[in-house]
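User: Could you walk me through how to read a structure like this one, feature by feature?

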Amino acid sequence: MAKQDLPPLIEFKNISLVRGERLCLKNINLVINQGQSLAILGPNGAGKSSLIKTITRELYPIFDPQNSSLRILGRENWDVFALRSQLGIVSAEVLNQNISQTCKEAVLSGYFGSPYLHDAGLVSTEMENYANEVMHLLEIDKLAERLTNEISSGETRRVVIARALVNKPQSLLLDEPTTNLDMKSAHQLRKLLSKIAGLGTQIILVTHNLSDIIPEINRVVMLKDGSIFRDGVKTEILTEANFAELFGFEVNLLSKDGFYHIY
Ligand SMILES: Nc1ncnc2c1ncn2[C@@H]1O[C@H](COP(=O)(O)OP(=O)(O)OP(=O)(O)O)[C@@H](O)[C@H]1O
């Protein structure tokens, strides 16, 4: 099937979400085509996590069957495990740090959608070989036998990405991937995400940090107070004027080697 005939990866039509007393997402209309990497950028409280959790079915929107729909790959109904492995959800929360497991076991647990490996006997040689390949890609071969609760935040982030990649997802959906990382670790992680995007995995990145937007991302959606504030080609959206309005302060933007920075 030609790419233009494929259903969108994600299709939000008039989606609103209430959490507690707050309307966190307001009438969101958003289509993300398959293969199109994009960043969702917004300040704290804009609704980024709420949007991700709506996609992953951790939160349920207000639903008006006449006017609203939320489709993933053309379907409204999904088995949550299949949905999450297909989308490649990357969140540090998926690892159960109270359980003592090696990084290799944590990566292998991705095949079963569980926070730890229940039964190593279920892991086939093919699964193990591919997990090794993915760990090599993420440059974490050396961590294989280390315990997940004894590694750094940057290393944990890579383990979690490897765990998502073993299912050969069509996309990687990343929520604030560089939070808590020092400058060097953040830079290395962005380079790895660039490499993964270059190998053909669609990257959907949710962030408040402009520098996370890797060169392979060409579309930026700005989210403000639960609504889409801007949506379009990166070079047209990432302007000082839009940024000032979104974050509420004046900045100077600098673009270098495909990355954007504030100074
Ligand atoms: N569990 C909750 N119950 C009620 N309201 C919530 C809850 N979590 C978040 N909110 C509210 O929903 C709105 C959107 O929050 P959300 O966490 O989606 O924003 P965000 O853009 O991801 O922010 P951050 O960058 O700080 O993570 C905020 O007004 C927040 O106060």
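Analyst: Sure, let's take the sheet, the ligand shell, the core and one residue in turn.
Before that, this is a predicted model, where local features need pLDDT of at least 70, side-chain atom pairs count only at pLDDT 80 or more, and totals for chains, interfaces and linings use all residues. Residues are numbered from 1 along each chain as its sequence is written.

User: Okay, the sheet: in what order do the three strands sit?

Analyst: Strands of a sheet pair through backbone hydrogen bonds, either parallel or antiparallel. Strands here are DSSP runs of E, at least two residues, and helices are runs of H or I, at least four, both numbered from the N terminus; two strands pair if DSSP finds at least two bridges between them. In this case the order is 2-1-4, in an open sheet with antiparallel pairing. Strand 2 and strand 4 (69-72) are at the edges with a single partner strand each, so one side of each has no neighbour in the sheet. On average, neighbouring strands are turned by 30° against each other, direction ignored, with axes fitted as lines to C-alpha atoms (for helices, over the stretch in contact) and angles otherwise running from 0 to 180 degrees between N-to-C directions.

User: Which helix packs on the sheet?

Analyst: Helix 1 does, touching strand 1 and strand 2, and its direction makes about 115° with that of strand 1. Contact means C-beta atoms, placed from the backbone, within 7 Å.

User: And which residues are closest to the ligand?

Analyst: A residue is near a molecule if its C-beta atom, placed from the backbone, lies within 6 Å of it. The ligand is surrounded by 13 residues, with Gly-20, Asn-44, Lys-48, Ser-49 and Ser-50 the closest. Helix 1 contributes the most to this shell, three residues.

User: Which residues touch the most others in the largest nonpolar core?

Analyst: A core is a set of buried Ala, Val, Leu, Ile, Met, Phe, Trp, Tyr and Cys residues joined through C-beta atoms within 7 Å. Of its 59 residues, Val-107, Ala-162 and Leu-173 touch the most other members. Helix 5 (residues 153-165) gives the most to this core, with six residues.

User: Why does Leu-246 count as partly exposed?

Analyst: Buried takes 20 or more other C-beta atoms (placed from the backbone) within 10 Å of a residue's own, exposed 12 or fewer, and partly exposed is in between. Leu-246 has 19 C-beta neighbours inside 10 Å, so Leu-246 is partly exposed. Leu-246 belongs to helix 8 (residues 240-247).

Definitions and conventions
Contact = placed C-beta atoms within 7 Å.
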